[in-house]
Amino acid sequence: MSKKKLVVLSGAGISAESGLRTFRDSDGLWEGYNIEDVATPRAWRKDPQLVLDFYNYRRKNVLDAQPNAAHYGLAELQKDFDVTIITQNIDDLHERGGSTNVLHLHGEIFKMRSERDHALVYEIKGDIKIGDKAEDGQQLRPHIVWFEEPVPMIEEAIPVVRNADIFVVVGTSLVVYPAAGLVNYAPWDIPKYIIDKRIPYTSELTNIIAIEKPATEGVTLLMSLLKEDSKS
Ligand SMILES: NC(=O)c1ccc[n+]([C@@H]2O[C@H](COP(=O)([O-])OP(=O)(O)OC[C@H]3O[C@@H](n4cnc5c(N)ncnc54)[C@H](O)[C@@H]3O)[C@@H](O)[C@H]2O)c1
């Protein structure tokens, strides 16, 4: 019997208990910075050093962080389900937690790319500095989708959500588009579990099972609720 397709859309809330702060929980600031000053193409043009400092620091934070029970729990579900994680997170905690099928909508903190040719992407564990160049001679920048930039991975994510048998949303306020719009592609008749400390507003979704808990507790509960489902 083939496994059911379980699709997860995750956001910064799933990594909060690993010590990585979300920004919407702290008055619209991300670790003390205005998003417009560090996470937009305009910020990069105006003050690339500040942008690099910000992401170099984020990279150190992520290196120091460990996956939590929510990341591990979703990886464990791979035993019984065909799991795809679509994450808005730039950290690698899903992968380190054991998930093998992870699609990063907004880029990855451990990658950098040419500021001109988006296909020239490289691994990076340390800092990116002004003067660090890609093969095309262009400055390297974080491989991150900044606000106001297109989200190319959304095209890959849409059919994955369309084909889901079970849909799970964890730790996202569902306000950043186009990522938030993915929920509308989930078939109307499949179960949609939403796990969040504060359940986000979703007016048009049907078959919602809301689990208003921190991600670690919420995913543990989800696992017990799904145990029976994997057999049906
Ligand atoms: N870890 C990361 O990679 C990271 C961290 C911060 C921001 N970001 C970037 O910023 C964008 C949006 O960030 P955001 O912070 O608004 O995320 P978001 O829009 O995904 O909102 C955070 C959500 O998490 C919930 N939450 C907070 N703590 C939780 C917990 N312990 N358990 C369950 N839910 C919890 C909040 O109620 C909120 O709904 C992301 O798409 C990402 O690109 C990434």
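Here are a few exercises with worked solutions on this predicted model.

**Exercise 1: the largest pocket**

Work out how much space the largest pocket holds, which residues lie nearest its centre, and which elements line it.

*Solution.* Start with the volume: the largest pocket offers about 1,000 Å³ of space. Next, look at the wall, which is made of 48 residues. Gly11, Ala12, Thr22, Phe23 and Asn89 are the ones nearest the centre. Now go through the elements: helix 1 (13-16) and helix 4 (48-64) are the ones that give two or more residues to this lining. Helix 4 has the largest share, with 4 residues. Finally, sort the lining by class, and you get 23 nonpolar, 12 polar and 13 charged residues.

**Exercise 2: the second largest pocket**

Do the same for the second largest pocket: find its volume, its lining residues and the elements they come from.

*Solution.* The volume comes out at about 290 Å³. Count the lining and you reach 17 residues, with Arg113, His143, Val145, Pro152 and Met153 nearest the centre. Strands do the work here: strand 5 (102-104), strand 6 (107-114) and strand 8 (140-144) each give two or more residues to the lining. Sorted by class, the lining has 8 nonpolar, 5 polar and 4 charged residues.

**Exercise 3: the sheet and its helix**

Trace the strand order of the open sheet, name its edge strands, and find the helix that packs on it.

*Solution.* Put the 3 strands in order first: 7-6-8, with antiparallel pairing. Strand 7 (121-123) and strand 8 pair on one side only, so they are the edge strands. Averaged over neighbours and ignoring direction, the strands are turned by 45° against each other. Zoom in on strand 6 and strand 8, and you'll find 4 bridges in the antiparallel sense. Serine 114 has leucine 140 of strand 8 opposite it. Then add the helix: helix 4 packs on this sheet and touches both strand 6 and strand 8. The direction of helix 4 makes about 140° with that of strand 6.

**Exercise 4: a tryptophan pair**

Classify the pair formed by tryptophan 44 and tryptophan 146, and say where each residue sits.

*Solution.* A search of the whole structure turns up 4 aromatic pairs, so there's a short list to pick from. For this one, the ring centres are 5.7 Å apart and the planes make 40°. Planes under 30 degrees apart would count as stacked and over 60 as edge-to-face, so this pair is tilted. Now place the partners: tryptophan 44 is in helix 3 (residues 41-46), while tryptophan 146 is in the loop between strand 8 and helix 7 (154-162). They are 102 residues apart, and the pair links distant parts of the chain.

Key
Residues numbered from 1 in each chain as written. Predicted model: local features only at pLDDT ≥ 70, side-chain atom pairs only at ≥ 80, totals over all residues. Heavy atoms only, no water. 1 Å grid on protein atoms, 1.4 Å probe; cavity = no way out; pocket = protein on both sides within 12 Å on 5 of 7 lines; lining within 4 Å. Points joined across faces, edges and corners; volume = space filled by probe spheres on them. Nonpolar A, V, L, I, M, F, W, Y, C, P; charged D, E, K, R; others polar. Pairing = 2+ DSSP bridges. Axes fitted to C-alpha atoms, helices over the stretch in contact; angles between N-to-C directions. Contact = heavy atoms within 4.5 Å. Phe/Tyr/Trp six-rings, centres within 6.5 Å; stacked < 30°, edge-to-face > 60°.
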